Every structure is written in structure tokens, then in C-alpha cells.
Protein chains: 2
Amino acid sequence: MAIASKWLAARFNKPDMKLFGFDVFALASDGDMQEGLSSEAASLAGHLKLNNLCWIWDNNQITIEGNVAWAMSEDLPTRFIAYGWNVLRVGDANDVEALTRAFLSFRREQERPTLIVVDSHIAWGAPTKQDSFHAHGTPLGDKEVTATKHIYDWPDEKFLVPEEVKKHFRIQMAEQGGVSRKEWDKMFATFQNTYPEEGKILQDMISGKLPEGWDSYCKPFPADAKGLATRQSSSECLNFIGKGVPWLLGGSADLATSCLTTLKGMDDFMPPGSQWGQYAGRNLHFGIREHAMGSIMNGLALCKLRPFGATFLVFSDYMRPPIRLSAIMETPCIFVFTHDSIGVGEDGPTHQPVEHLGSLRSIPGLAVFRPCDANECLEMWKFIMPLQDQPVAIILSRQALPTLDRQTFASAEGVHKGGYILADTSTNGAAPEVILMSTGSEVHLMVQAHQELAASGVKVRSVSFPSLEIFKQQSQEYIDAVLPNACRARVSIEASRRDSWGSLLGLDGEHVGMITFGLSAPIKKVQAELGMTVEAVMAAARRVMSGNPRKISSRAQVLKSWKKRKLSV
Amino acid sequence: MAIASKWLAARFNKPDMKLFGFDVFALASDGDMQEGLSSEAASLAGHLKLNNLCWIWDNNQITIEGNVAWAMSEDLPTRFIAYGWNVLRVGDANDVEALTRAFLSFRREQERPTLIVVDSHIAWGAPTKQDSFHAHGTPLGDKEVTATKHIYDWPDEKFLVPEEVKKHFRIQMAEQGGVSRKEWDKMFATFQNTYPEEGKILQDMISGKLPEGWDSYCKPFPADAKGLATRQSSSECLNFIGKGVPWLLGGSADLATSCLTTLKGMDDFMPPGSQWGQYAGRNLHFGIREHAMGSIMNGLALCKLRPFGATFLVFSDYMRPPIRLSAIMETPCIFVFTHDSIGVGEDGPTHQPVEHLGSLRSIPGLAVFRPCDANECLEMWKFIMPLQDQPVAIILSRQALPTLDRQTFASAEGVHKGGYILADTSTNGAAPEVILMSTGSEVHLMVQAHQELAASGVKVRSVSFPSLEIFKQQSQEYIDAVLPNACRARVSIEASRRDSWGSLLGLDGEHVGMITFGLSAPIKKVQAELGMTVEAVMAAARRVMSGNPRKISSRAQVLKSWKKRKLSV
């Protein structure tokens with residue numbers, strides 16, 4: 001949020017009209033200070049000279065287990081000085097004067113974020129619970145509360161709010177807020193008159209509306225058997241959209257050159273005095289800090305900006321907590337994950353995601369997209385940009401994928417329904433003999449198998465599923481039309497675990513995908529070794545058509561025999 | 001690993017026999033220093049006074065995107081001094097004398113871990129690639145390699161290893177290693193003679209064998225309608241096993257009082273001079289550092305110790321990378337996750353896991369257990385302890401669960417098969433009319449629905465699935481006997497997303513579980529509001545028996561209507 005404040009100020013403020021420049025306060029516990037996330041954030045905040053950020057560390061020395069000293073004895077203020085922070089100390093949380101001085105020092109600070117170390121006592125005044133971990137996770141209890149109020153010299157009434165406090169908050173504070181708001185609105189009205197173009201951009205941004213013609217730079221991709229990696233086509237789309245939506249900004253966790261998420265020709269977001277950029281830049285450098293990246297994206301989105309953030313799919317594990325919070329808070333973050341499968345090849349099992357597609361799809365409200373070619377990419381970007389309250393995860397290939405000829409195959413606009421019939425040889429509404437289902441790079445495996453099956457006279461239907469979540473939101477009529485209940489011979493093809501496919505496959509279908517971790521070898525060899533081949537799809541199709549799908553135990557056998565095997569071939 | 005070294009030394013070394021005391025070196029990149037994990041680890045290592053740990057920071061100032069200075073400008077050596085580390089600097093990676101001095105300083109250090117800052121140049125000597133990010137992710141290429149060798153004054157041969165180098169590594173180093181090993185074996189033989197009891201423990205530990213009578217402290221739990229939370233029964237089991245297995249050790253990410261993972265009567269693992277414990281203690285305090293906890297567990301397991309580590313299930317997201325690595329490396333880590341569902345109640349959606357069961361099950365080779373009562377807990381602990389190369393995740397309830405009467409229900413030894421028929425009213429091998437499937441706390445919902453269905457004359461079978469992964473490893477005969485293919489009317493009941501159940505439910509079954517995030521309210525209210533009730537199970541059972549399961553679109557509708565709803569009731 002502090003980054004958003006700096007960006008908005010640099011982008012929109014005028015010498016006589018300071019529309020933006022808000023401060024951000026965070027109350028931090030000992031636990032927050034121990035979590036790695038806070039180190040990532042503090043390091044970056046210092047680097048970016050976010051003098052509008054103030055952390056108040058409630059230094060009470062008590063954790064849930066007991067004593068902070070059982071697990072931490074570092075010199076925390078020095079650590080923050082090392083990050084380039086302004087570190088202040090208030091020796092007693094009840095010393096309002098010292099606190100005020102600290103906040104004034106924060107306000108005066110020109111370059112550094114501020115940490116205020118506030119020494120405090122948990123359950124202050126409670127006669128038997130002060131400074132005890134018993135006050136952390138459980139209520140004090142009526143008796144202790146009464147005794148504490150007695151020590152405070154406070155009436156023993158439940159939920160007592162004195163009149164003057166009510167007046168202060170409900171009337172004086174509300175009035176003050178109302179006045180500030182009116183002043184701001186007036187300034188903004190003047191701004192809109194004086195700078196109509198900028199004013200329009202801001203008005204759209206604030207109301208969550210995309211600018212007129214936001215997608216006018218988008219253009220479809222011609223059919224191309226060689227094609228390009230979806231990380232590349234997505235990169236082109238991002239740049240189309242970036243031109244049309246001025247508040248789209250983001251970056252990567254030090255992988256922009258691999259994830260291809262640079263907004264070309266746009267500045268880098270860098271602190272004042274940097275030779276490489278400025279605060280109005282739209283390309284952020286998060287560093288190798290995925291967890292902080294995801295959290296910062298949420299902060300940007302909460303300030304009405306539209307953030308994207310990229311890393312390899314396998315590293316999505318490092319940032320699951322902020323992805324989950326994005327889904328809970330309904331912030332329209334765009335998480336970009338490239339290098340999406342065993343297609344990564346030589347980097348091996350540690351870098352080959354096999355369980356991540358399923359585990360992202362399991363987060364309620366997160367829409368996961370895995371486009372199969374450049375035009376699915378384009379339609380995906382057109383679909384996701386108008387979403388105002390839904391985060392998306394975009395899953396992209398490292399390797400080149402053909403751009404399908406949409407004269408032969410159905411239009412990529414099917415992306416808007418999450419899943420659509422790409423090719424079908426069953427006629428006149430007759431149910432197909434077998435349904436193939438796939439996403440991303442494996443769609444091209446599916447297409448090859450489709451052609452072989454069709455050539456041998458099988459009535460085959462192939463369905464591309466760029467987003468299972470969006471497909472499931474369609475009408476039941478549409479779902480049944482794509483996947484008629486009568487056709488139980490179904491094969492899903494995806495270089496991932498079976499989880500997300502179980503409810504579409506049923507007991508009679510089969511998944512051609514990953515049972516084990518990956519392997520370290522060139523891509524073709526890895527795919528052959530792990531059964532991600534046309535032959536495997538054909539074999540599965542024949543088994544399900546004959547009502548004899550692979551058994552659960554045989555799948556488990558593969559995993560068992562895998563153990564102790566070498567992880568490279 | 002440095003912790004393991006300290007523990008082993010404190011536990012087994014004698015004044016005249018120093019069996020353990022190895023040093024641990026890590027080569028760390030700029031990226032490693034930016035990741036939050038390294039901050040967690042460094043803070044804890046300093047606190048624990050791990051003077052046997054040496055990090056060598058390859059300070060080359062280059063990242064994949066380009067320049068470290070784009071994303072980091074902190075004073076890193078000062079940060080490590082704040083952690084309580086011994087910080088040394090070698091100004092030139094090619095200065096072998098300075099490096100040697102640094103390593104000697106590390107060896108002399110009595111209290112602090114050591115960080116050696118080594119200034120270096122990436123692609124040193126490469127005429128056009130030195131100090132460039134182009135040397136990070138892509139090969140130099142033949143021409144540049146030749147030019148670099150020329151600068152080194154080195155013959156331009158591929159894979160040249162001079163004879164004297166071969167001799168040094170293959171003969172001299174091997175000999176030196178052989179001599180050290182023989183000396184150690186001799187010392188260990190003497191140790192075994194002098195301290196036969198300790199020697200036996202060590203011998204078992206090293207060979208991965210459980211001590212004789214390791215489970216002799218285990219005792220079954222009596223039936224009890226009120227029962228106890230599985231976090232409590234698991235705690236008792238952990239303490240039974242802890243007495244029998246001297247190298248079982250672990251702790252929690254500051255949640256021991258909630259996860260109940262303290263080994264009672266055993267010391268805390270604390271640094272020398274601490275008033276609270278010592279290095280031979282078996283209760284570790286990881287602090288609020290889940291990611292480091294998981295990584296440390298891997299290190300302990302790689303050193304032959306048997307580690308457990310606990311936190312709330314929802315925080316498993318913070319430690320997915322080490323859980324995944326545990327599965328890849330096949331380290332027998334025991335991940336304990338309590339507070340396992342919407343049963344958490346008042347803490348609300350941020351603390352209520354709904355997608356975590358599925359996303360953990362999707363990691364290949366990780367066995368996820370969710371016992372339904374105290375005796376399933378006990379059998380689970382008996383099952384997992386002999387596993388030598390498989391990590392497990394144990395999922396436990398916060399709330400009390402009845403201890404089933406095993407006279408009425410099948411024996412909890414069924415746990416060893418991952419899933420087993422708990423109760424069955426179908427007779428003489430006839431297929432049941434409906435199969436109910438469940439895990440953990442929801443088994444008790446299933447049992448109630450079972451009784452109601454049975455009372456109304458339905459042939460119902462109820463299956464408890466403490467571990468889906470272990471069930472899938474059974475023979476196909478067993479799988480078919482538990483879940484006959486002919487019975488398609490199936491209901492799974494689990495307060496989690498549908499993912500892991502799809503392939504057992506098929507297209508005709510139904511999942512009674514979570515579609516959305518949770519709610520903040522007392523447990524009963526949350527369960528009622530989210531449809532985790534006997535009535536909901538009965539309704540689903542009736543629908544699947546009539547061949548009319550809930551449709552995909554109706555599930556999606558729930559999620560859609562959920563949006564913008566309040567997250568508390």
C-alpha cells in the first residue's frame with residue numbers, strides 16, 4: 001500500500017494538487033518479526049525508500065508458547081537499521097508523549113521507512129496474567145477483568161464506552177473525516193477540470209472501470225505450426241493491455257527475463273535518486289521474494305491499482321498465503337506462473353510442478369487459466385481484465401506451442417466459457433464415443449490423438465479447458481452439451497496430478513498425467529519417460545472405450561515403483 | 001543439520017569419545033539472502049549459537065533479472081551481526097589465502113554461526129559475459145568458453161581434468177576419507193563395548209531400525225462418547241512413542257500449547273548457558289517460522305533423526321516448499337497439522353483450512369492421515385513410525401471427537417490399509433445401496449447418518465478413510481471389496497474441497513464438504529451454516545440413491561452467491 005501511495009503520487013500529483021501521499025501504519029507482533037515474510041518486506045521497503053511506511057512493533061516479549069527469548073535473541077533494531085530504516089524506541093506503550101514524538105519523527109523522515117519499537121506488557125495491569133502467555137490465546141475471564149479494571153480505576157461495567165469517547169469517535173472524528181473528504185473531492189474536481197485526460201483515467205481507476213478502448217491494441221495471432229511459448233504470447237498480450245490500461249503494473253520475483261512480464265518502453269519503479277527509474281514506473285522489481293510479491297500485489301489491488309506478479313509455477317508454493325488472502329479479500333490480482341510442467345526439462349523435479357495446478361485450483365474463488373496457444377492467451381486476457389473481484393492465476397509454458405488454425409478448430413472465444421469443444425467428429429447431436437479433455441501444452445497432444453482416432457473412424461470429441469473454474473460456472477445446459485452424461489468414456493490429458501479432473505472423469509474415465517515427480521532430462525525424453533505421449537493418450541482412449549480404464553491400484557503401483565528410482569534419465 | 005550435529009554430540013559424545021560434532025557449510029547466493037526463509041534460519045541459528053554452521057555468501061551482485069542493486073541495498077553484514085553471527089569478509093573469491101583465514105576463524109569461533117562474505121565475479125574471466133546476468137541462466141557458448149580458457153591460460157580441451165587433480169580427488173581424498181571412516185568405526189566399536197546401551201541406540205538409529213519395544217508404551221483408548229480432540233489423543237501417542245524412540249524429536253512453530261506436541265518430561269533444545277534447556281533436549285522451539293521449521297526437519301531427518309514439527313493446518317501453506325522437498329528426498333518427516341477445518345470456529349476463514357487437505361494430498365509420495373478418533377490416532381502412529389522413506393502429514397482436530405466403541409464398529413487396525421469398512425448393513429456380500437466415505441471429525445457425522453439410513457432399512461456401508469494415499473496402495477481386490485464398482489451411489493463427507501474425492505465419487509456420487517471459504521462463528525453455527533450436518537448427508541444420500549446427484553453448476557452457484565457475502569454469521 002505504501003508502494004501504491006508513492007506510485008499514485010508520482011503519477012498524478014501536480015505541484016499545486018497533492019491528490020495522493022497517504023501514510024501506511026502496521027501494528028507488528030513479535031511473531032510478525034520472526035516470519036520470513038516481514039524480512040522480505042522490510043528489506044524491499046528500505047531499498048525503495050518508503051518513508052510513508054511506519055511499523056509499530058508491539059515488543060511485549062511474549063508468544064503463544066511462552067517467551068520470545070526461547071526462540072529469538074537477535075538485535076532487532078540493528079537489523080532494521082541494516083535494512084535502511086529509521087528506528088525509534090518508545091520505552092513504555094503507555095507513554096503517549098513519547099509515542100507522539102515518535103510519530104512526528106516518522107512524519108519528518110524524508111528517506112527511510114520507520115520502525116517504532118514500543119516496549120509493552122501483555123495484559124497490562126491484569127493482576128495474575130500480565131506478562132504471561134496465558135493472556136495471548138485465551139480470554140482473561142470475568143474475575144481477572146474485574147480486578148484489572150479496578151487497577152485501572154475504571155468502572156466495572158461491561159462494554160462501557162464513556163460519552164466523551166463516543167462523541168470523539170462518532171462525531172468529532174466523523175466530522176473531521178467528512179471535511180477531509182470534501183476537501184479532497186473539491187481538489188479532485190478542480191483536477192478533473194484542469195487535467196481532463198488524467199482526471200478521466202483516475203475516475204475510471206477509482207470506480208473500477210476499464211478505460212474506453214482498453215483492448216484496442218489487442219490483435220489476434222495468425223495460425224503457426226511452430227508457434228510460440230504461451231509465456232511469449234501472454235507477454236505480447238500483457239503489453240497490448242498495458243498500453244490500454246494505465247494503472248496495470250507489476251513485475252516478477254527476479255524472473256522478468258524468463259517470465260517475460262516486462263511492460264516494454266515503460267519505466268522501472270525505483271526510488272528517488274535511482275539511475276534506473278522512478279516512482280511512476282510500472283515495472284516493479286520485487287527481488288527473489290515471492291511471498292512479499294504476493295502480499296504487495298494485494299496492497300496495490302486494495303489501493304485500486306491492477307497488479308500482476310510473476311514467477312515459475314513451482315515457486316507458487318512460496319506465495320500461497322497471499323494468493324489465498326487475495327481469494328478471501330476478492331482482490332483482482334493477476335498471478336502469472338510460467339515454466340508450467342515437466343516441459344521445464346533439464347532443471348529437474350525440483351523445478352517441475354506436478355501438483356501445483358491442482359493445488360491452486362483448490363483455492364475457492366481463484367480462477368486458474370492455462371491457455372493452449374497464443375489466441376487462447378489473448379481471449380484469456382480479454383476475459384480477466386474486466387473481473388473486479390476475482391484473482392486469477394495464469395499458467396504458461398516455457399516451451400513453444402503451435403498456434404492452432406482456427407479455421408480448422410473452434411474459435412478461441414470459447415475461452416470465455418472456461419471450456420469449449422475444440423474439435424468433434426460426432427454428428428447431429430449424437431453423443432461421441434470418447435471425449436478427450438485437456439489444457440495448455442497438452443492440448444496439442446490431444447489434437448494429435450484426436451486426428452488419429454478420427455482417422456480410424458472413432459467418433460471423438462476434444463474439449464479445451466483453459467479454465468475449469470470458469471467452465472463450472474456455466475449453465476448446466478452448456479456443461480451437459482459439452483460433456484453429455486451419457487458419454488462416460490473420457491480421457492483427461494494434463495501433465496499434472498489427477499485431482500482436479502476426478503469429478504469430470506468419473507469412475508470410467510482415465511487421466512493421462514503425472515503420478516510421480518518429474519525427471520531431469522531434455523523435454524522430449526522426459527515426456528516419453530513419463531508417458532505424456534500420443535501413444536499413451538491413444539491407449540487410454542481405447543481402454544475407456546472398452547469400459548476397462550486403468551485401475552486405482554495400478555496408478556499407485558507406478559508411484560510405489562518410482563520410489564528409489566533415479567530422478568534423472 | 002547443524003542442529004542435528006549439536007544434538008547428537010550432546011546426546012552421545014563422551015569426554016574421550018567425540019563421535020559427533022560435524023560442521024555444516026552452505027553456499028548462498030544473493031537470491032538466498034533475499035528469500036524470507038534465510039532470515040528465519042539465520043535468526044534461529046544465531047539464537048541457538050550454532051557455531052558449527054558456516055554460510056559462504058557468493059556476493060557477485062548479479063541476479064537473473066540483472067543487478068542485485070535493483071531490488072536490494074541493505075547492509076547485509078550488519079544484518080547478520082544483528083542476528084548474532086560472526087561475519088567475515090573475503091574481498092576476492094580467488095584469494096585462497098584469505099578464504100583459508102576465514103575458514104580458520106570459523107573453526108575457532110565458539111559461540112556464533114559464521115557468515116563469510118565472498119566478493120566474486122560471475123563468469124570470471126569471460127571476456128564479454130563477466131559480471132553480466134547473461135551468465136546466470138544461459139550457457140556461455142563455445143566461443144566464449146574458449147576465450148575464457150585463453151584468459152585463464154588453460155588448454156582449450158573439453159572436460160579436461162589434469163592427472164594431478166584426478167589423483168588428488170580420486171586417490172588422496174578417497175584415502176583420507178577412508179582413514180577417517182576407519183578411525184570413526186573403531187571409536188564407535190569401542191563406544192559400543194564401553195556403553196552397550198547407548199551403542200545399541202545409535203546402531204539402531206543409524207540403520208533406520210526402531211528400537212525393540214518401541215511401541216510397548218502404547219495403549220488403546222476406551223470407548224468414550226465425549227471423547228477427546230485428536231490433537232490430544234495424538235499428543236498422548238506422541239508421548240508413548242517418544243518414550244520408546246530416543247531419537248524422535250521436534251517441536252512447533254510457537255504453537256506447542258495448541259498443537260500439544262510437547263514431549264513431556266523431556267528437556268528443551270536450547271543453547272549452552274540457557275536457563276531453559278540444553279543441546280540434548282528433544283523439544284525444539286522453532287519460533288514463528290514455519291518455513292524454517294520444515295527445512296530444519298529435513299536436515300534432522302537427513303542426519304538420521306526422526307523429526308516432527310507442528311503448526312495449524314492453515315499455516316501448512318507457509319511450509320509447502322520443504323514439505324515438497326521432503327517428498328522428493330524421501331525423508332521420513334512427520335508434519336503435524338492441528339485445527340484442521342471449519343471446526344476452528346471463531347477464528348474465521350483466515351484460520352479455517354478448506355483447500356489444504358486436498359493440496360497436501362496432491363504432493364506425490366506424501367501420505368496424509370486424518371484420524372477420526374483416539375484409536376485411529378494410535379494405529380496411525382504405529383503405522384507411520386516404521387516408514388523409513390516417506391513423509392507423512394497428520395491432520396488433527398481442535399475440537400473433541402467421540403472415541404468410537406470398537407465392539408460396535410470395526411477395529412481401528414483398519415488404519416493400516418488407509419481405508420476400511422467401519423460399519424455395513426448390506427449382507428452376504430451383496431453390494432450396498434449407498435456407500436458413505438469420510439475422514440476425521442466428519443466420520444462422526446457419517447456414523448449418525450449411517451444409523452438413520454440403516455434404521456429406515458437402507459443397505460448402507462460406511463467407510464473410514466484415515467489415509468486416501470495408503471488406501472490406494474492396497475491390492476485392487478481389497479479396493480474393489482471396500483468400494484464395489486457396481487455401487488455408484490456414493491457420498492463423501494469431509495469439511496474440505498471435493499478434489500481428492502472426485503476419483504472415488506465418480507459422476508454419480510456427491511461430496512458433502514466445502515465449496516467456499518469458512519465463516520467466523522461458534523463451531524455449531526459454522527457447521528450448520530455451511531451444510532456440514534447429518535441432514536445434508538442424508539439429503540445427499542437420497543439424491544445419489546435416486547440417481548440424481550447435485551449438478552456441477554449448482555455447486556458453482558453456491559460459490560458465486562457466496563461472493564460479497566459476509567464472512568461471519
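**Two chains, four domains: a chat about the model**

Modeller: Chain A divides into domain 1 (2-120), domain 2 (166-207), domain 3 (224-401) and domain 4 (411-562), with bounds from an automatic or database domain assignment. This is a predicted model, where local features need pLDDT of at least 70, side-chain atom pairs count only at pLDDT 80 or more, and totals for chains, interfaces and linings use all residues. Residues are numbered from 1 along each chain as its sequence is written, and chains are lettered from A and ligands numbered from 1 in the order in which they are written.

Colleague: How far apart are the centres of domain 2 and domain 4 of chain A?

Modeller: Their C-alpha centres are 54 Å apart. The C-alpha trace of chain A spans about 90 × 60 × 45 Å along its principal axes.

Colleague: How many helices and strands in chain A?

Modeller: Chain A has 22 helices and 19 strands. These are DSSP runs numbered from the N terminus, with at least four residues for helices (H or I) and at least two for strands (E).

Colleague: What share of chain A is buried?

Modeller: 51% of its 569 residues. Buried means 20 or more other C-beta atoms within 10 Å of the residue's own, exposed means 12 or fewer, and partly exposed is in between, with C-beta atoms placed from the backbone.

Colleague: Switching to the dimer. What operation puts chain B on chain A?

Modeller: A rotation of 180° with 0.0 Å of shift along its axis, at RMSD 0.0 Å. That is the relation of a two-fold axis. The fit is by least squares on C-alpha atoms of residues with pLDDT of at least 70 in both copies.

Colleague: And how many residues are in contact between the chains?

Modeller: 83 residues of chain B are in contact with 83 of chain A, where contact means C-beta atoms, placed from the backbone, within 7 Å. Helix H3 (residues 36-47) of chain B gives the largest share of chain B's side, 8 residues. That side divides into 29 nonpolar, 33 polar and 21 charged residues. Here Ala, Val, Leu, Ile, Met, Phe, Trp, Tyr, Cys and Pro count as nonpolar, Asp, Glu, Lys and Arg as charged, and the others, Gly among them, as polar.

Colleague: Which surface does each copy use?

Modeller: 100% of chain B's interface residues are also interface residues in chain A, so the copies meet through the same surface.

Colleague: Any residues with odd phi? Where is Lys49(B), for one?

Modeller: Lys49(B) sits in the loop between H3 and strand E2 (53-59) of chain B. Its phi is positive, near 55°, and it is not a glycine. Most residues other than glycine have a negative phi. Lys49(B) counts as buried, with 22 C-beta neighbours inside 10 Å.

Colleague: What about Ala123(A), buried or exposed?

Modeller: Ala123(A) is buried, because 20 other C-beta atoms lie within 10 Å. It has a positive phi of about 55° and lies in the loop between E4 and H6 of chain A.

Colleague: And Pro127(A), buried or exposed?

Modeller: Pro127(A) counts as exposed, with 12 C-beta neighbours inside 10 Å. Its place is in the loop between E4 and helix H6 (134-137) of chain A. Beyond neighbours within four places in sequence, Pro127(A) is in contact with Ala147(A), Thr148(A) and Ile151(A).

Colleague: Last one: which residues are on the covered face of strand E3 in chain A?

Modeller: In E3 (residues 86-90), Asn86(A), Leu88(A) and Val90(A) form the covered face, while Val87(A) and Arg89(A) are on the uncovered one.

Methods. Two residues are in contact if their C-beta atoms, placed from the backbone, lie within 7 Å.
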